[in-house]
Amino acid sequence: MVRTTDEVRAWPWVAVALVFVVLSPVASMLTRDSTGRTVVGWAVVQALATAAAFLIPQLRQIRSEQRQSKAEEREFDTRVEVKLALNDALEPIVRLLGEVAQEPKRGPRDQLRAQAVPLVLTTAAQLTGEDRVRACWFALEPGPPQRLEPQESLGRAGPVTTVFTAGTPEGDAALALVTSNVPLRLDDLAEADQGLWRLDEAMGYQSLLVVPVTVANVAFGVITLDALEPGAFDDDDMALLWLMAGLLGTALSIR
């Protein structure tokens with residue numbers, strides 16, 4: 001049985017307290033059998049042992065509460081740092097959306113809108129906190145045939161070349177996510193159907209998130225995040241990618 005850190009730390013305190021618990025009645029018995037100054041000495045020992053036996057558990061409880069308080073403070077500080085990082089990361093995107101919405105001329109507005117894709121991809125890759133994450137943008141082309149074409153990737157080096165075309169198994173599976181507005185999360189591609197999600201020839205990644213970019217039933221494409229290690233993404237990363245997809249969809253829908 002493996003002992004926790006708190007249990008290991010408790011053993012010295014328990015041993016010391018046990019010594020004083022035993023010493024107190026022993027000193028009491030010796031006090032009764034002693035005379036003169038010895039009586040005073042053993043009486044002092046008894047008093048000190050009794051006090052120590054009582055105070056040691058109280059001191060340990062106080063220290064435990066102090067450690068708990070410090071842990072809560074660290075957790076609070078971490079949450080504040082995460083919120084600040086999220087605010088700092090989202091502020092440029094929100095500002096860009098405002099500029100796109102306020103630009104009256106179509107040409108400059110299209111140029112501003114084009115900046116949204118790399119900005120969203122960079123933010124999504126950075127906020128996951130994982131090393132060497134790659135974010136990709138697949139635009140939905142009406143065709144025929146309808147297809148998802150890779151237009152930009154940021155983060156880990158390595159371009160994405162796969163085109164998901166309607167009429168192929170992988171194309172139909174990818175397009176079904178877009179039309180149904182359903183996300184995909186694969187924690188280990190070694191155990192998944194790799195033929196449906198081969199984003200490049202190297203196939204070096206093991207974790208994958210796919211989120212459609214859809215606004216008011218109008219589909220624009222999908223954003224993907226992939227990482228080299230299995231299990232790299234969690235529910236928070238999925239929620240973040242949904243947020244990024246919503247912001248990108250808003251930018252693309254402003255005409």
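# A briefing on this predicted chain

Asn181 is partly exposed, with 33% of its area accessible in relative terms. This is a predicted model, and Asn181 is a handy place to step into it: the residue sits in the loop between α4 and β4 (184-186), and its phi is positive, about 55 degrees, although it is not a glycine. From there, let's look at the whole chain, then at one helix, one pocket and a few single residues.

**The chain as a whole**

- Five helices and six strands make up the secondary structure of the protein chain.
- Along the sequence these elements come in the order α-α-α-β-β-β-α-β-β-β-α.
- The protein chain has 255 residues, and 33% of them count as buried.
- Among contacts with a separation of 6 or more, 57% are between residues 24 or more positions apart.
- About 15100 Å² of surface is exposed by the protein chain, and carbon and sulfur atoms supply 57% of that area.

**Helix α3**

- Helix α3 covers residues 106-127, 22 residues in total.
- From first C-alpha to last, α3 reaches 32 Å, which is close to the 32 Å expected at 1.5 Å a residue.
- Which residues of α3 are buried? They are Arg109, Leu112, Arg113, Ala116, Val117, Val120, Leu121, Thr123, Ala124 and Ala125.
- For reading such a list, it helps to recall that an α-helix has 3.6 residues a turn, so residues three or four places apart point the same way.
- After α3 comes Gly129, with a positive phi near 80 degrees.

**The second largest pocket**

- The second largest pocket has a volume of about 190 Å³.
- Its lining consists of Arg113, Ala114, Val117, Trp137, Ala139, Leu140, Gln151, Glu152, Phe220, Leu252 and Arg255.
- Which elements give two or more residues to this lining? They are α3, β1 (134-141) and β2 (147-155).
- Sorted by class, the lining has seven nonpolar residues, one polar residue and three charged residues.
- Arg113 and Val117 link this topic to the previous one: both are buried in α3, and both line the second largest pocket.

**Positive phi outside glycine**

- As background, most residues other than glycine have a negative phi.
- Asn181, where we began, has a positive phi without being a glycine.
- Ala216 is another such case, with a positive phi of about 50 degrees.
- Ala216 belongs to the loop between β5 (207-215) and β6 (218-227).
- Is Ala216 buried or exposed? It counts as exposed, because its relative accessibility is 68% and the cut-off for exposed is over 50%.

**Two alanines in helices**

- Ala174 is part of helix α4 (residues 169-180).
- Ala174 has a relative accessible area of 3%, so it is buried, the limit for buried being under 20%.
- Between the C-alpha atoms of Ala174 and Gly221 the separation is 9.9 Å, and the two residues are 47 residues apart along the chain.
- Ala239 is found in helix α5 (residues 235-253).
- Ala239 counts as partly exposed because its relative accessibility is 45%, a value that falls between the 20% and 50% limits.
- Val211 is 28 residues from Ala239 along the chain, and their C-alpha atoms are separated by 9.8 Å.

Technical notes. Residues numbered from 1 in each chain as written. Predicted model: local features only at pLDDT ≥ 70, side-chain atom pairs only at ≥ 80, totals over all residues. Heavy atoms only, no water. Helix = DSSP H or I, 4+ residues; strand = E, 2+ residues; numbered from the N terminus. Expected span 1.5 Å × (residues − 1). Buried < 20%, exposed > 50% of the residue type's maximum accessible area, 1.4 Å probe, protein only. 1 Å grid on protein atoms, 1.4 Å probe; cavity = no way out; pocket = protein on both sides within 12 Å on 5 of 7 lines; lining within 4 Å. Points joined across faces, edges and corners; volume = space filled by probe spheres on them. Nonpolar A, V, L, I, M, F, W, Y, C, P; charged D, E, K, R; others polar. Contact = heavy atoms within 4.5 Å. Areas by Shrake-Rupley, 256 points an atom, 1.4 Å probe, with all protein chains shown as cover.
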